[in-house]
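Reader: Could you take me through one spot in this model up close, and then show me how the rest of the chain is put together around that topic? I'm happy with an informal tour.

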Amino acid sequence: MTTEELAKLIGVSRVTVSKVINGADGVSEKTAKKVRDYIEKLNFVPNSGARSLVGKKERIIGLFSAYSESNSGAGENITSHFATEMINLVVSEAQKKNYKTLVQLTKGDDEIREIDHMLASQMVSGAILLGYDTGSKNILALAEKDYPLVLVNQERDSFRQNVAVVNMDDQASAIFAIAKLIQYGHRDILYIGCGRHRLPAIHRNEGVASAKVKFQEHIDSIIEIDCNFDENVAYKETKKLYSAGGKKPTGIFAANDLMAIGAMNALKDLGYRIPEDVSIIGFDDISISRYLSPKLTTMHCDFRKIASESVESVISLIDGEEVERHKEIPVRFVERETLGYEKTNSDQH
């Protein structure tokens, strides 16, 4: 790797990198620290005859995530609790296997070429990818170069020998959530979903569609709204729905906990009681869910299991070992305080 390539990777000028390497003035401490961190992380040796980082020898895997605010045109921070959990857990699980992890957030499919560069130059030996659109042509093109890849909640199934997929059992879990609401007597249901072309959203939407058919005799209505996995959107849309006249859903299933939290806050602001007036089931079981008031009933995703299976799979692919190319991680129902029996319809509010 050249100084120019390193500068491009970091997102600074070549001159800035050279100044940091040579201890020269003219670079802010924040930027200098960022450059030094990359140099250490990549084991960069700044001379033409020295080797750059060789991923396999250094035992480094890449974790690349498209879950960032840059996908929606703002900032560079992670907005997905799933991605946050995965980053922490993948790093931890990799360390147990004596591997280091290079983590990078991208702006989506447009930056696949950067991942390609890191794999081609052996900065990393293999990669775990999460948060990219299902069916991405750029991901397919990357896979066709025979790099060891693990796709997390990305594709329905593996499509090449060098690719393993690790998914959650989203579809069956969504069916289960609707069945639970029905079991508690809720015949009018609100599904707060997401229209993104990403496998978890697709599978959860498909699960609700299947439940509508399977339990049609027990359902009077299912209203579906797309809230883009966003807490604020869920708050606004729920408040709009429950502020209007007419019959209201008494049971809500939200495709992630953040949207469930948005719905809860909207209902509280309107004077609804949870679960006496409206029951809510979320999805993911992020850490805050158990500390809410009332505590959120949800579908628990085993993030640590997903991380460990992903790390194990990518290392097996790197080592040329046999690997189970499609792993489906079960999701568990966790009942807390937001699920109750339907008593009276809530249109009096």
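Author: Let's start with aspartate 284, which has a relative accessibility of 10% and therefore counts as buried, the cut-off being under 20%. Keep in mind that this is a predicted model. Aspartate 284 sits in strand E9, which covers residues 279-284. Leaving aside residues up to four places away in sequence, aspartate 284 touches Arg204, Asn256, Asp257, Thr298, Met299, His300, Cys301 and Phe303.

Step along to aspartate 285, in the loop between E9 and E10. Aspartate 285 has a phi near 60 degrees, a positive value in a residue other than glycine. Its relative accessible area is 6%, so aspartate 285 is buried. That E9-E10 loop also holds proline 294, and the peptide bond leading from serine 293 to proline 294 is cis, with omega near 0 degrees. On the other side of E9, the loop between helix H11 (257-269) and E9 is where you find proline 275. Here too there is a cis peptide bond, joining isoleucine 274 and proline 275, with omega at about 5 degrees.

For another backbone oddity, try asparagine 228, in the loop between strand E7 (221-226) and helix H10 (231-243). Asparagine 228 is not a glycine, yet its phi is positive, near 60 degrees. With a relative accessibility of 34%, asparagine 228 counts as partly exposed.

Now the wider setting. The protein chain has twelve helices and twelve strands. Of its 349 residues, 52% are buried. Among contacts with a separation of 6 or more, 70% are between residues 24 or more positions apart. The accessible surface of the protein chain is about 15900 Å², and carbon and sulfur atoms account for 46% of that.

Then there's an open sheet of six strands, in the order E2-E1-E3-E4-E5-E11, with parallel pairing. Its edge strands are E2 (100-105) and E11 (326-329), each pairing on one side only. On average, and ignoring direction, neighbouring strands of this sheet are turned by 20 degrees against each other.

Strand E3 (residues 127-130) is a good one to zoom in on, as both of its faces are covered: Ala127 and Leu129 are buried on one side, Ile128 and Leu130 on the other. Strand E1 (residues 60-65) pairs with E3 in the parallel sense over four bridges, and phenylalanine 64 stands opposite leucine 129 in E3. E3 also pairs with E4, again in the parallel sense and over four bridges; there, leucine 130 has valine 152 in E4 as its bridge partner. Carry on across the sheet and E4 (residues 149-152) pairs with E5 (residues 163-168), parallel and over four bridges. In that pairing, leucine 151 has valine 165 in E5 as its bridge partner.

Among the helices, have a look at H2 (residues 14-22), where Thr16, Val17 and Val20 are buried. These residues cover an arc of only 100 degrees around the axis, which puts them on the same side of H2. The buried residues of H2 pack against helix H1 (3-10) and helix H3 (29-42). After H2 comes glycine 23, with a positive phi near 70 degrees.

Last, the aromatics: a search of the whole structure finds five aromatic pairs. One of them is phenylalanine 176 with phenylalanine 333, a tilted pair at 5.3 Å centre to centre and 55 degrees between the planes. This pair links distant parts of the chain, as phenylalanine 176 is in helix H8 (residues 170-183) and phenylalanine 333 is in strand E12 (residues 331-334), 157 residues apart. Phenylalanine 176 has a relative accessibility of 36%, so it counts as partly exposed, whereas phenylalanine 333, with a relative accessible area of 19%, is buried. The rings of tyrosine 191 and phenylalanine 253 have centres 5.5 Å apart and planes at 20 degrees, so this pair is stacked. It too links distant parts of the chain: tyrosine 191 is in strand E6 (residues 188-193) and phenylalanine 253 is in strand E8 (residues 251-254), 62 residues apart. Tyrosine 191 and phenylalanine 253 are both buried. Along with Phe283, Tyr191 and Phe253 form one aromatic cluster.

Note on methods
Residues are numbered from 1 along each chain as its sequence is written. This is a predicted model: local features need pLDDT of at least 70, side-chain atom pairs count only at pLDDT 80 or more; totals for chains, interfaces and linings use all residues. Side-chain values use heavy atoms; hydrogens and water are left out. Helices (H or I, at least four residues) and strands (E, at least two) are DSSP runs, numbered from the N terminus. Buried means under 20% relative accessible area, exposed over 50%, partly exposed in between (1.4 Å probe, protein chains only). Contact means heavy atoms within 4.5 Å. Accessible areas come from the Shrake-Rupley method with a 1.4 Å probe; for residues, only the protein chains shown count as cover. Two strands pair if DSSP finds at least two bridges between them. Axes are lines fitted to C-alpha atoms, for helices over the stretch in contact, and angles run from 0 to 180 degrees between N-to-C directions. The arc is that of the directions from the helix axis to the C-beta atoms. Rings of Phe, Tyr and Trp (its six-membered ring) pair if their centres lie within 6.5 Å; planes under 30 degrees apart count as stacked, over 60 as edge-to-face and the rest as tilted.
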